[in-house]
Amino acid sequence: MLRFLARRFALALGTLFVLSVLVHLMVDTALDPLEDLRLSTSPNKATLIANRVAMLKLDQPWIVRYWDWFTQFIQGNPGIAWKSQQKVTDLMSGAIQTSVSLILMATVIALILGVLVGIVSALRQYTALDYSITFVSFVLYSLPIFWVAVLLKQFLAIGLNDYLADPEVNWVLVGVLSAISGLFWAGALGGDRNRKLLILGLATLVSFGTLALILTSGWLDKPSIGIVGIIVLGAASAVTVTLVFAGLANKRALYSALATAGLGVVLYYPLLYLFAFIPMNWGWILGLFVVAIGCGLGIGWLFGGSDRGVSMRGGAIVAIFVSVLIFVDRVMQVYPAYYNSNTIHQRPIATIGVETPNLGGDFWVQQLDRFTHVLLPTIALVLISFASYTRYQRGSMLEVLSQDYIRTARAKGLPERVVIVRHALRNALMPLAAIIPVDLVTLIGGAVITETIFGWSGMGKLFIDSLKNAEISPVMAYVMLTGTVAMLAALAADFLYALLDPRIKVAA
Amino acid sequence: MGKKRIISVVAALTAGALGMSACAAPEVQSNLNEETTLVAMYNEYMYSMNSLTSYGNNMTNVNLVYLTRDNFVYYDEDLNLQANPSYGTYEKVSDNPLKVKLTYADTAKWSDGTPVDAADAVLAWGSQSGVFNNVPSEQLADMYNDDYTMKETADGQVYFDTQIYGIDWITEFPEVSADLKSVTFTYSKPFADWEAYMLYFGMGLPAHIVGKRALGVEDATAAKAAVIAAFQNKDNSALSKIANSYNSDWNFTSTPSDPDLLVGSGAFVITEIKAKEYATMKPNEKYEGDHKAPVDVFTLRYNEDPMAHVQALENKEVQIIYPMPTADVLSAVQKLSDVEVFTDPEGTFEHVDLTFDNGGPFDPATYGGDAAKALKVRQAFLKTIPRQTIVDSIIEPLNPDATVRNSYNIVPGAPMYDSAVASNGMAEQYGEVDIEAAKSLLAEAGVKTATVRVLYSATNPRRQQEFKLIKESAEKAGFEIIDGGDEGWGGALGGGTYDASIYGWASTTTGITETASYYVEGGMNNYSGYKNSTIEQLEDQIGTSLDPAEWESLNNQIEKLLVDDAYGLTLYQFPGLTAYDTSAVSGVNPIALSPTFLWNFWQWEIL
Amino acid sequence: MTAAQNSSPRPDDLSRGDNAIEAKEVEGLSQGQIVLRRFLRHKGAMSGLAVLLFVAGFACSAMGIGPIPGWWRFQDPNATHPMQNNGQPTLTLPEWLGGPGFTWGDHPFGQDNIGCDNFAQVMAGVKTSLLVMVVLGCTALIVGVTIGALAGYFRGWLDLCLMRVTDLFIVLPVIVVGSVLGKLLSQMGTKFDWPQDVVTAIKYNMPLILGIALGLILWPPMARLVRGEFLTLREREFVDSARVAGASHLRIIAKHILPNAVGVIIVNITLLMSEAVVLETALSFLGFGISYPNVSLGNLISTNQGAFATRPWLFWWPGLFIILIALCVNFIGDGLRDAFDPRTKRIPSVREMKKAKKAEIAAISQGEVA
């Protein structure tokens, strides 16, 4: 295992080195730091050019400039943006955080949604639902991100804020949305005609009811999940998780999942007090999150039984879900104050920037403010990434479903749930490990455009600005950082792949 | 575990949880800022708090300086100069020689508590007059960094990167009162606009901070004394350090690490600057003057995209916007409710300048010093500029009353404008595009194709369109037009990298001598490299005349010469576009001069 | 998931009819004919192809190709015309769509604020996008297939190099490499002091050059796929027999292996081309792609995004055509993939199943009788 890691690591370093050489050569050729002086006919043009040539060593072979950059870079100094005389590290420190939060959020959301929809699409191959999903994902795939961004700003941000300011429910729209949701569920759950009609009716009604309740009860003014919501959603998640991963017949799994949800419910108020008395930060939150997962695993272990792993896994998933619920609930609690604060003017969804200037507020308010700003760029990124995940997952699921061992599993009379979840899903998810790093790179690329449009001063914008200003140092820093991230992601994916698929020899 | 037991456990847990919900959840504390806030959006980001250097001279910097440094005078809504006695008073002590006495009020204080006094006036004069500069002009180009900031000069070399016309006529060290409360300047010759130029004294830097940073004197009083002494004794070693600090220290795009750099004397102090995004300000606690901050937190956000301005206003993220006006932006903003829109022309006017000294097509040197040849090429080019079309297609949608501006120096509508237009000949010679005349002028000059590099702001859609129209027209006459659109066009001005430039002059005062610096050799705004000794004499006469009656005929003569020399052309007066949210603030009323909508911030009322 | 249990296809019931239909369908057809048949049956792909051909034909005939002038009255997209009705589109809907009757007018897609004809600009942009797409596809095809085939067939150091090079190319976002390339292309002329006419030639042929340059960075995934295909195919019996029969390497690659890999290649190139459309527009939007005097759809959106609220036609038309082109190419790619992939089966409809079963029974009974 160690040898595998070391070997891959060395290979990645080598690739990064070659990458730095190639890109440096390319950028060095592409940029013309003398551009402004070149056309100059001012009397001291010669001196001006000579000064700059000396400063940037333009009279020397490219390799000298590369070597200077390289030796500095490996000592941890990515250089200076020569025009503005600012250190690249200064330029990047804020930009990295901005970009990472955007890309990470978009990846996670696109992955989860894309995979789920892809699986449903595959299980219902060549039905109306499958065709609709295919069509929608192709449309999304074809959308230029900068075009979507302009529309999002106008319709989603301004439109939604207008609605919040003057909530007049558009019942036709609610009806249409409910019907779409009904159709989706009917298509996804399938069955014969009567069953489909029943699901269609039920799902439409439930969606309509939920939407109506949310829109008319004033929930939007003071959103919360509350203890009741956490009990209901926690129990539902416990049942669903058990249903999918273990089957309701596995009582131990069910009880451990329910107990985990119960523990979350019991800890709800103590946690609120903790949040009230101790100023939170991300260190605390991550710590609590790890503790929660540990609790889920522990409860699963206690319930034990012959198949301890299943219970533990179920417990952990429920723990994650309930923790996220509690976190979201706490963030929602500051919403009324945020909404009415005099910097927000009751228009929470922002069109530009990373944060509201001079907002003040504690950790929770800042999370909410980040959320309202990150919402639009994230949607823009997710819409595009989501499509490729859906298509990919659908293809991979279909391929697995047509394998002989699935036929065998069905033939020996295994319940369809077991066939799909235990045999098909696991194998169909594995190729994702290969696609995630590739998609991450695509997303980083997408962020270049998104940041430009939404006025985020992130890494992508830094790259574009530096390229326009003929400053090579920030460009190289961006390239090396992106390259490293992509390499690490690929490395992690390979490693994961090896763990998941016993056929792949780790020593390879 | 039996089913019953599990159910009972779950039930107990649920009951317990519900029971706990009876005990009240902790009160949610959000620590949100409760102050009143106001956000305005501007289209260029700030990059210097010294708006008097050639590097920092930009409206966006002037705006921040206006908010954070109080002044002797300001312009009211009718562009009349108003005094501000809560900062200080000024009086003309004698006409010949012109002597002006400034007296600082007791209420004038820097935000660190140090009084504003004669030391600051001495620094303002010393840095703006150019009297102390000892770097020969031919070495100047080498003194600039690539970002157009000044390099550190060698010890003993003094160069202040500022020169204000008229203030350089004060050559003698002023009389400073012992308590530093008053200072008397003596002009070497009468200066017509001395009163309007009182503005520049308030825009200067705090002398005690300059002294502290440049000379290392910690104590404010001692630092002031050191700065005064340096100027009084022409101590070049100290002045060199002061000049370096003056030229560079106040150039920053984000909150500087040294809080001293944010010390101001105005109603607001800057609390945070986020590079290229925003600057936030809070009321200056030490401020005792009349122009009080109307709001607890004032934020200037920066965004170039005019549509982002409108969307942000619509979304109430900002309350006042000042986008680059285009027809699309105007109609978009007019659709918003609760928004008042101003489209009056502004003090800025668009113009095309030609470069005379870069070896390009308009430089006599290109033709071996044949000035007549170069003149014909210039005239040919100017004859192709579709001024009426530009106004019709770009400006009229914004302001139905828009006309071509036909005077270099006088704003349309001002009393002297008609007489200037009648006598300068711009309307007759360049009123309409004349491709044939241009062709024959080129033929007369014996120039087959002249390649003209046109500099303009690449990020400004209006100038892109102007360029497109000019290019289309000039190419018909046989010119080859090279697209010199540049994002950093402001810094490129005067660099000789272009033959023609399209940009706007923003008037900061109503002074009659204002435009002199465009035409006079070595003038701070003479980016064209234009020279004409007759004009320089006439400008001298205007500048030293304290009698407004003489101004009209002198100005007409100057303009006639400029037209005859094919100096360049004026295009139009900028249509302004300011819009504000009437549900959030009242009293916003932009004026034609910088700082436009900010001029009366103390009269705003937050709703 | 209980639902899934109930509604899943029962392979046992289906298999007989399923196989019978498939067997009957492909009776007496070559592999190529089967693929073509499947492709022609793919409704999505066929509609995509039809729309794409229509759009391409429309744009090219409107603005002309090369020396042949098009039928549209304004052939120069950058020329300005007198403003009509505030630049509003003169295109009107036919009566049955609630319009005043179909008219084309002078400026069917409207005008921008200095009077350029939006129809001419959008059509020129469509042409540019298609040109970039095709050139990019061809470049990537030639380079990718050649290198992939050689690496997969000969293996050894070539293969090793290829794998490392592809590693390099997939590390950076395409848009980043594309931006650097775009900058490189637009700078080369002045940087190396090339003569003015060369610089001008580059400026006016930017779409072509950009297509080639982007093709040169987008080939690695293609090469990787072809290599993989070649690695498995070269071990097959028919390759061995060809080799034993004395066929040259070139002949084996070109005549024996390549035809078997053509499915993967075609599918991949279509997907690459759909990516190319969006990539080109994104680069032009950022200012590193196609710029004045060439017109591209991305460029149009970039200049007109401010007009979104007031003159939406300047924003919607180019966007619409980008989506249309990319969507069509995507559907064609999907159809091709289904057609070439023997594993994807079309599940027959209930009616077809019944028919097949009847035929089968009839055949069996006939056999009994005989």
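**Legends to close-up views of a predicted model**

**Figure 1. Helices α3(C) and α14(C) lie oblique to each other.** The model shown here and in the other views is a predicted one. The two axes cross at roughly 140°; because angles over 145 degrees would count as roughly antiparallel and 65 to 115 as roughly perpendicular, this crossing falls in the oblique class. Helix α3 of chain C covers residues 31–41, and helix α14 of chain C covers residues 313–340. Their axes come within 8 Å. The crossing of α3(C) and α14(C) is right-handed.

**Figure 2. Residues of α3(C) and α14(C) that make the contact.** From α3(C), the contact takes V35(C), R38(C) and F39(C). From α14(C), it takes G335(C), L336(C), D338(C), A339(C) and F340(C). Sorted by class, the residues of this helix contact are 5 nonpolar, 1 polar and 2 charged. The charged ones are R38(C) of α3(C) and D338(C) of α14(C). G335(C) of α14(C) is the polar one.

**Figure 3. The contact of chain C with chain B.** Chain C contributes 10 residues to this contact, and chain B contributes 13 residues. On the side of chain C that touches chain B, 4 residues are nonpolar, 5 are polar and 1 is charged.

**Figure 4. Chain B, with 19 helices and 20 strands.** The radius of gyration of chain B is 28 Å, and the globule rule gives 25 Å for 607 residues; the two values are close, so chain B is as compact as a globular protein of that length. The C-alpha trace of chain B spans about 110 × 65 × 45 Å along its principal axes. Of the 607 residues in chain B, 54% are buried. Taking the contacts in chain B between residues at least 6 apart in sequence, 68% join residues at least 24 apart.

**Figure 5. Chain A, with 20 helices and 2 strands.** Along its principal axes, the C-alpha trace of chain A spans about 85 × 60 × 50 Å. Chain A has 508 residues, and 42% of them count as buried. Among contacts in chain A with a separation of 6 or more, 73% are between residues 24 or more positions apart.

Note on methods:
Residues numbered from 1 in each chain as written. Chains lettered and ligands numbered in written order. Predicted model: local features only at pLDDT ≥ 70, side-chain atom pairs only at ≥ 80, totals over all residues. Helix = DSSP H or I, 4+ residues; strand = E, 2+ residues; numbered from the N terminus. Buried ≥ 20, exposed ≤ 12 C-beta atoms within 10 Å, placed from the backbone. Contact = placed C-beta atoms within 7 Å. Rg over C-alpha atoms; globule rule 2.2 N^0.38 Å. Axes fitted to C-alpha atoms, helices over the stretch in contact; angles between N-to-C directions. Parallel < 35°, antiparallel > 145°, perpendicular 65-115°, else oblique. Left-handed = near helix turned anticlockwise from the far one by under 90°.
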